[in-house]
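I opened this notebook to keep track of what I looked up, entry by entry, for a reader who has not met the structure before.

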Amino acid sequence: MRGVLTVNKMTHTQRVKAMMEGRPFDRPPFIAWGPHLNLEDRHVGDFTKAVIAYQNQHDFDILKVMQNGLYNVEDFGQVIEEPENSDDAGFRKTKKSAFTCLDDWRNISKKDVNKGAFAREMQSIKILCDYYGDTLPVLPTIFGPTRMLTQLCGYAPGLGIYSTPSFIGEDFMAYVHKHEEEYFHVMDVLTDQIIDLMNAFLDVGAAGFFYVPGATSFGFCTNEEYKKYIWPYDERALKAIEGRAWFVMLHVCGMTVDHMEEMVKLPAQAINWEDQSPTNPSLADVRAMTDKVLMGGIDRNKDFYGGNRSKVKAVLRDKTLEAIRQAGSKLVVAGGCEFNRETTHRFVVWHEVMDELSVDRANSVG
C-alpha cells in the first residue's frame with residue numbers, strides 16, 4: 001500500500017495530514033460517527049462531555065461532531081419537539097417548521113452566529129477544539145443551503161419526517177421554477193448565513209467541516225437543474241473558506257445518490273457516501289473521477305453484526321483491504337453515514353484491525 005510505511009506512532013492530525021499529502025503514515029485513518037446524542041445535544045456541558053467520552057473510547061482519527069440535526073434552523077423559528085429517548089432521530093423532531101409560506105422566503109434575514117442556538121454550538125465546538133488542540137481534527141456539521149432550505153420548509157417527501165405537509169407541496173423543483181426570484185433570494189441569504197457560521201467555527205479552532213451538500217438524496221432534480229439551482233450555492237459556500245479549513249469532507253447522504261460526477265468538483269478535500277450500497281458508485285468508480293480523499297469501505301448496516309468475533313474481525317479486515325485496493329492510500333476507512341447504537345461496542349474490534357494493519361506493514365517493510 002503506497003504511503004503506509006513503518007513510522008513512529010502519529011497523532012490523529014499527523015496521520016490524516018500525511019495521508020492527504022502522500023507522505024508515509026503508520027496506519028490508515030478511520031472514522032465512525034453516530035448515533036446522535038439526542039438527550040444531551042442542546043446542553044453544552046452534557047454534550048461536550050459525551051462527545052469527549054465517545055472519542056476517547058474509540059480513538060477515531062477525525063471527530064465528526066454529532067450536533068443536533070436541526071441546530072442550524074432553530075434561530076429561524078423552527079420548533080423542536082423534545083426527544084423521549086436516546087434513539088429519537090434529532091432531525092425528525094420538528095413540531096413546527098420555521099417557513100410556512102412563500103413570504104418567508106422573501107422576508108428572510110441572517111441571524112447572528114453569536115446568539116441563540118448558533119452561540120450554543122460555537123461554545124461546544126470551542127470546548128472540543130481546546131480539549132484536543134492540534135492532535136485531532138474537529139469537524140462541526142454543516143448543512144448546505146439546499147438542505148437548510150428544505151429543513152426550514154419541512155420538505156422531505158416520502159420520509160415521514162414532518163407531521164404536516166410542506167407548503168411547497170410534493171414537487172420541490174416545480175415550486176422553484178414557479179418562484180425563481182424568491183428562490184434565488186432565499187438561497188443567497190442562506191449561503192451567506194452558512195459562510196458566517198463556518199468562519200465562526202474556524203475562528204474557535206475547527207479544522208474543517210462535515211458538509212452536507214445539496215439535498216440530492218431526495219432525487220428531486222435533473223442534472224441540469226442541479227447545476228443551476230443547487231451546485232453553485234455549495235460551491236460559493238465552500239470557496240469562501242478555502243485556505244482556512246484544511247479538511248472538509250463532503251457527506252453525500254443517501255442509499256441512492258445522484259450527480260456524483262458534479263459533486264466531486266466541489267472545493268473540498270474529501271468525499272463520503274454510502275459506497276457499500278449496490279445502487280451507488282463504488283470507491284473505485286469515484287476514484288476514477290477524482291483524486292480527493294475517499295471515505296468509505298465499511299457497510300455500517302452489516303459488517304459489525306454476528307455473534308462470532310473472529311468472523312466480524314475478518315470481515316472488517318477484508319473490507320479495509322478491499323477499500324485500500326480500490327481507493328489507494330488517499331483513504332479514510334469509514335461507513336457511509338451514522339452508525340446504530342447497537343454496533344458501537346464493536347468498534348474495539350475495528351480498532352484492533354487497524355492496529356494490526358500497522359504491524360503488518362512494519363513487518364513487510366522490515
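The entries below go from the whole chain to the sheet, then to one helix and a few single residues.

**Entry 1: the whole chain**

I noted at the outset that this is a predicted model. I then looked up the secondary structure and found 13 helices and 11 strands in the chain. For the overall dimensions, I read that the C-alpha atoms fill a box of roughly 70 × 45 × 45 Å along the principal axes. I also compared the radius of gyration with that of a compact globule: for 366 residues the globule would have a value near 21 Å, and the chain has 20 Å, so the two agree. Buried residues make up 56% of the 366 residues, and among the contacts with a separation of 6 or more, 72% are between residues 24 or more positions apart.

**Entry 2: the sheet**

In what order do the strands of the open sheet lie? I found seven strands with parallel pairing, in the order E1-E11-E10-E9-E8-E7-E6. The edge strands are E1 (30-31) and E6, each of which pairs on one side only.

I followed the sheet inward from E6 (residues 141-143), which pairs with E7 in the parallel sense over three bridges, and there Thr141 has Phe210 of E7 as its bridge partner. E7 is in turn joined to E8 (residues 247-252) by four bridges, again running parallel, with Phe209 opposite Val248 in E8. From E8 I went on to E9 (residues 270-273), where four bridges join the two parallel strands and His251 stands opposite Asn272 in E9.

Is strand E7 enclosed or open to the outside? Five of the five residues of E7 (residues 208-212) are buried, and therefore the strand is largely enclosed by the rest of the structure.

**Entry 3: Phe247 in the sheet**

I picked Phe247, which lies in strand E8, and found that it counts as buried because its relative accessibility is 0%. Which residues does Phe247 contact beyond its neighbours within four places in sequence? The list consists of Val16, Met20, Ile62, Leu139, Ala207, Gly208, Phe209, Gln269, Ala270 and Met295. For one of these partners, Phe209, I looked up the spacing as well: Phe247 and Phe209 are 38 residues apart along the chain, and their C-alpha atoms are separated by 6.8 Å.

**Entry 4: helix H12**

Helix H12 (residues 309-327) has 19 residues, and I read a reach of 27 Å from its first C-alpha to its last, close to the 27 Å expected at 1.5 Å a residue. Its buried residues are Val312, Lys313, Leu316, Thr320, Ala323, Ile324 and Ala327. They cover an arc of only 110° around the axis, so they sit on the same side of H12. I wrote the general rule beside this: an α-helix has 3.6 residues a turn, so residues three or four places apart point the same way. On the face turned away from the buried side I found the exposed residues Ser310, Lys311, Asp318 and Arg325.

I then checked both ends of the helix. At the start of H12, a side-chain oxygen of Asn308 reaches to within 3.0 Å of the backbone nitrogen of Ser310, and after the helix comes Gly328, whose phi is positive, near 80°.

**Entry 5: helix H10**

In helix H10 (residues 260-263) I looked up Met263, which counts as buried at 0% relative accessibility. Glu262 is found in H10 as well and is buried, with a relative accessible area of 13%. Leaving out residues up to four places away in sequence, Glu262 touches Asn223, Tyr226, Lys227 and Trp231.

**Entry 6: backbone exceptions**

Most residues other than glycine have a negative phi, and most peptide bonds are trans, and I therefore searched for exceptions. A cis peptide bond joins Gly34 and Pro35, with omega about 5°, and Pro35 is found in the loop between E1 and helix H2 (44-58). Asp59 has a positive phi, near 65°, in the loop between H2 and strand E2 (63-64). His259 has a positive phi of about 65° although it is not a glycine, and its place is in the loop between E8 and H10. On accessibility, Asp59 counts as partly exposed at 26%, whereas His259 counts as buried at 13%.

Methods. Residues are numbered from 1 along each chain as its sequence is written. Side-chain values use heavy atoms; hydrogens and water are left out. Buried means under 20% relative accessible area, exposed over 50%, partly exposed in between (1.4 Å probe, protein chains only). Two strands pair if DSSP finds at least two bridges between them. The expected span of a helix is 1.5 Å times one less than its number of residues. The arc is that of the directions from the helix axis to the C-beta atoms. A polar contact is a pair of N or O atoms within 3.5 Å; within protein, one must be able to donate a hydrogen and the other to accept it, and residues adjacent in sequence count only if both atoms are side-chain atoms. The radius of gyration is taken over C-alpha atoms; the globule rule is 2.2 Å times the number of residues to the power 0.38. Contact means heavy atoms within 4.5 Å.
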